[in-house]
Amino acid sequence: MDGSPHRVGDVMTRAAVAVGRKALFKDIVERMEQWKVSALPVLEGDGRVVGVVSEADLLPKEEFRDSDPDRFTQMRRLPDLAKAGAVSAEELMSMLAVTVHADATLAEAARIMALRHVKRLPVVSSEGVLEGVVSRGDLLKVFLRPDNDLADEIRRDIVDVLFPAPVEPVHIIVTDGVATLTGRVGDPARIPLAARLVRGVEGIVGVDCRLTAADAA
């Protein structure tokens, strides 16, 4: 892969586990346990995602198993009480599935997960057909990139572009994901931009930019 894996399609799991509308409660639990996932997309016959059923959708059945909620609780927890009596995916699922496209950036996927409080996102085509699933763990894969690969990308895509003729060679060292840049450059106005761009490289944990202007003491 050339450059940073900026897109969801680069890190998603393509062999996505899913269920149909008529999948039964126990089957859903067994599939979650088998595949070690906390949520499953619910599909129509053509593979289109119509919802998601998660552990949170399943828990009310246990929570309200032997309880007799008062009227206030019934009014406040009406959706959960309905799910406590559900037996199939179409009764349990969240109808408005939160999805993402394969060409979305990792930052966009992370933002959706944070705002919607979900751990996994179905990845769908423009027609809504399931293509894969991306999880929080998948988004963290970029931090497994080798330090040498990160240094090569920083030099090729940032340093050589911003400083094609430095006063002295710009040295780039990446250690445990932290990039250190040293050297003297002729255009000091570009130094803050370089630091910002390096920080945006997928897999970089931190930046120590020590670049100085050619005329600096």
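Q: Before we look at a helix, what does "buried" mean here?
A: A residue is buried when its relative accessible area is under 20%, and exposed when that value is over 50%. Keep in mind that we are reading a predicted model.

Q: Which residues of helix α2 are buried?
A: Helix α2 covers residues 25–35, and its buried residues are F25, I28 and M32.

Q: Why do these residues lie on the same side of α2?
A: Here is the general idea: an α-helix has 3.6 residues a turn, so residues three or four places apart point the same way. In this case, F25, I28 and M32 cover an arc of only 65° around the axis, which puts them on the same side of α2.

Q: And what is on the other side of α2?
A: There you will find K26, E33 and Q34, which are exposed.

Q: What covers the buried residues of α2?
A: The cover includes two strands, β2 (39–43) and β3 (49–54), together with the helices α3 (55–63) and α6 (89–92). F25 also has a charge for company: the charged end of K61 sits over its ring, 5.1 Å from the centre.

Q: What follows α2?
A: Next comes K36, which has a positive phi, near 55°.

Q: How should I read a nonpolar core, and which residues touch the most other members in the largest one?
A: In soluble globular proteins, nonpolar side chains tend to be buried together. The largest nonpolar core here has 19 residues, and I154, F163, I172 and V174 touch the most other members. At least two residues of this core come from each of α9, β6 (171–175), β7 (178–185) and α10 (191–199). Helix α9 gives the largest share, six residues.

Q: What does I172 touch?
A: Leaving aside residues up to four places away in sequence, I172 touches A151, I154, R155, V159, T180 and L181.

Q: How many residues are in the second core?
A: That separate core has 16 residues, among them V17, V19, L40 and A89.

Q: How many aromatic pairs does the structure hold?
A: The count is zero.

Q: Now for a charged residue: is R145 buried or exposed?
A: R145 counts as buried because its relative accessibility is 17%, and the cut-off for buried is under 20%. To find R145, look in the loop between α8 (136–139) and α9 (147–162).

Q: What does the side chain of R145 reach?
A: One partner is the backbone oxygen of E202, at 2.9 Å. The R145 side chain also makes a polar contact with the side chain of E153, at 2.9 Å.

Key:
Residues are numbered from 1 along each chain as its sequence is written. This is a predicted model: local features need pLDDT of at least 70, side-chain atom pairs count only at pLDDT 80 or more; totals for chains, interfaces and linings use all residues. Side-chain values use heavy atoms; hydrogens and water are left out. Helices (H or I, at least four residues) and strands (E, at least two) are DSSP runs, numbered from the N terminus. Buried means under 20% relative accessible area, exposed over 50%, partly exposed in between (1.4 Å probe, protein chains only). A polar contact is a pair of N or O atoms within 3.5 Å; within protein, one must be able to donate a hydrogen and the other to accept it, and residues adjacent in sequence count only if both atoms are side-chain atoms. The arc is that of the directions from the helix axis to the C-beta atoms. Contact means heavy atoms within 4.5 Å. A nonpolar core is a set of buried Ala, Val, Leu, Ile, Met, Phe, Trp, Tyr and Cys residues joined through side-chain atoms within 4.5 Å. Rings of Phe, Tyr and Trp (its six-membered ring) pair if their centres lie within 6.5 Å; planes under 30 degrees apart count as stacked, over 60 as edge-to-face and the rest as tilted. A charge sits over a ring if NZ of Lys or CZ of Arg is within 6 Å of the ring centre and within 35 degrees of the ring normal.
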